[in-house]
Amino acid sequence: MATTLAPTAPDAAVVAVPATQPAPVRLMALGLWGVVGSLLSYGIVMTVTPPPAPGGSPTPPPAAAVRAPSECRRGAPSLPPTVSTTSRLFEPLTLRGTTFRNRVWLAPMCQYSATDGVPDDWHLVHLGTRAVGGFGLVLAEATAVVPEGRITPQDTGLWNDAQTDAWARIVRFVQERGARAGVQLAHAGRKASTYSPFDAQGRRGTVPADDGGWGTVGPSASAFPGYDAPRALTAEEIAEVPAAFAAAAERALRAGFDVVEVHAAHGYLLHQFLSPLSNERTDEYGGPLENRARLLTEVVEAVRAVWPEDRPLFVRVSATDWVEGGLDVADVAQVATVLRELGVDLVDVSTGGNAPAEIPVGPGYQVPHARLVREVAKVPVAAVGLLTSAEQAEGLVVDGAADAVMLGREALRDPMWPLRAAHRLGVPASTAPDAPARWQPQLDRATWR
Ligand SMILES: Cc1cc2nc3c(=O)[nH]c(=O)nc-3n(C[C@H](O)[C@H](O)[C@H](O)COP(=O)(O)O)c2cc1C
């Protein structure tokens, strides 16, 4: 079953249409939140499979073309041990000095509800409710590191003190509910300045300057189909990007976040540099994969340098462009290997978003990519994309495809998903010794006995 991603919609609302739709389905996916994957569903596989030995990948990438400077290789994590328990999904996960109470995490989702980049009560309730519902990590939406990096004018930001203070209130609430709080740091590049999906007049594409938009930038002057063409960044401007991400990470630290995720997926600036479909540069940031990955590795180095040793750093990648000649999972697995050497603790594996593509969509559609990145790069990964049932999520974690799962739309539908999933998997609820950390006492009568 194939799905066609429409290039005309902005980056907002998502995404994939389940395989039950007549094909081809034209998705009105703004920016196309990583849709896609194979129809492979991981169901319940209760056999514990440790990651294979090096070389065990079904499609091993070529010898590393991307290398980390040796002075930057620090804090490389090892894969967590695989042990059998009642529920692997509800087993805590520790990365560096940070323990997550379970492996069910909220995927980052733009709310298009901020004013001047400042999150408000909506964000408090959206994120806070999922913390109450039992998610182990509550990962806040793509949050721009500079104003012109916003996908829409209504995106959140972390470039000033007002935004930092507003985030601090939300982080406090999330952590008081026993969840870890994370934020996704982003620059939308050529896919910035687009209309929110909530635009009252139904407008799509690039917001013009006289309507609150701004000129966009990218690795090259080529446009994402349906959007205005960006201006190619100069070498001096490229040099400012890692510093902008690092400054935002410092603000994230002041706000109290436990986790920072660098957004290098879904056709935004760092993905635009990584992919040969959008990067036509002839300097040291264009050409071979090693050059195209340079900006991402510089960003990661800059963020890792300011982000505390005991706090995890994640990177979200698009493991494939789903286009012949575009980025593929072998490329991305190589890049992930370098990211691990640079101190990245978990790679959050999505796909797509940089070009219109025919994408096969189905349950767990991106799980095979997560598994491959985990096996090749020897780095913990999160899987995301049409993960909706407790058994499916449990199965893929037990099976060693991923170390954690992220839920997007299913979490929008059901903020209490972890509570329901725990019940289905037979995880003790309020009677468990660690119950206060897992469930709020106010939910006690909502647990099954
Ligand atoms: C409303 C909405 C907003 C999203 N915003 C983001 C975002 O800010 N950053 C990101 O990396 N992905 C974003 N996504 C993609 C999700 O994180 C997730 O990868 C995708 O929805 C697939 O997972 P799902 O099938 O569980 O929804 C968004 C998805 C939705 C539905």
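Okay, so let's start at Val 262: its bridge partner in S11 is Val 315. That pair belongs to strand S10, residues 259-264, and strand S11, residues 313-318, which run parallel and are joined by five bridges. Keep in mind throughout that this is a predicted model.

Now step back from that pair. What do S10 and S11 belong to? They are part of a closed barrel of eight strands, in the order S5-S6-S7-S10-S11-S12-S14-S15, with parallel pairing. On average, neighbouring strands of this sheet are turned by 25° against each other, ignoring direction.

Let's walk round to S14, residues 381-384. On one side, strand S12, residues 346-350, pairs with S14 in the parallel sense over three bridges, and there Val 347 has Val 381 as its bridge partner. S14 is also joined to strand S15, residues 404-407, by three bridges, again running parallel. In that pairing Val 384 stands opposite Met 406.

So which faces of S14 are covered? Both of them: Val 381 and Ala 383 on one side are buried, and so are Ala 382 and Val 384 on the other. As a reminder, side chains in a regular strand alternate between the two faces of the sheet.

Some of these names come back when we look at the core. The largest nonpolar core has 122 residues, and those with the most contacts inside it are Val 347, Val 373, Ala 382, Ala 383, Ala 402 and Val 405. Helix H3 gives the most to this core, with eight residues. The background here is familiar: in soluble globular proteins, nonpolar side chains tend to be buried together.

Take Val 405 as an example. Leaving out residues up to four places away in sequence, Val 405 touches Arg 103, Val 104, Trp 105, Ala 382, Ala 383, Leu 387, Ala 393, Leu 396 and Val 397.

Back to H3, residues 235-255. The axes of H3 and helix H6, residues 294-306, come within 8 Å and cross at roughly 35°, and the crossing is right-handed. What makes the contact? From H3 we have Ile 238, Val 241, Pro 242, Ala 243, Phe 245, Ala 246, Ala 249 and Glu 250, and from H6 Leu 295, Glu 298, Val 299, Ala 302, Val 303, Ala 305 and Val 306. By type, the residues of this contact are 13 nonpolar, no polar and two charged.

Next, two backbone oddities. Arg 96 has a positive phi of about 50°, although it is not a glycine. You'll find Arg 96 in the loop between strand S3, 93-95, and strand S4, 98-100. Leu 386 also has a positive phi of about 50° without being a glycine, and Leu 386 lies in the loop between S14 and helix H9, 390-398.

Are these two buried or exposed? Arg 96 has 18 C-beta neighbours inside 10 Å, so it counts as partly exposed. Leu 386 is buried, because it has 26 other C-beta atoms within 10 Å and the cut-off for buried is 20 or more.

Last, the whole protein. There are twelve helices and 15 strands, and buried residues make up 56% of the 449 residues. As for the contacts with a separation of 6 or more, 74% are between residues 24 or more positions apart.

Terms used
Residues are numbered from 1 along each chain as its sequence is written. This is a predicted model: local features need pLDDT of at least 70, side-chain atom pairs count only at pLDDT 80 or more; totals for chains, interfaces and linings use all residues. Helices (H or I, at least four residues) and strands (E, at least two) are DSSP runs, numbered from the N terminus. A residue is buried if 20 or more other C-beta atoms lie within 10 Å of its own, exposed if 12 or fewer, and partly exposed in between; C-beta atoms are placed from the backbone. Two residues are in contact if their C-beta atoms, placed from the backbone, lie within 7 Å. Two strands pair if DSSP finds at least two bridges between them. Axes are lines fitted to C-alpha atoms, for helices over the stretch in contact, and angles run from 0 to 180 degrees between N-to-C directions. A crossing is left-handed if the near helix is turned anticlockwise from the far one by less than a right angle, and right-handed if clockwise. Ala, Val, Leu, Ile, Met, Phe, Trp, Tyr, Cys and Pro count as nonpolar, Asp, Glu, Lys and Arg as charged, and the others, Gly among them, as polar. A nonpolar core is a set of buried Ala, Val, Leu, Ile, Met, Phe, Trp, Tyr and Cys residues joined through C-beta atoms within 7 Å.
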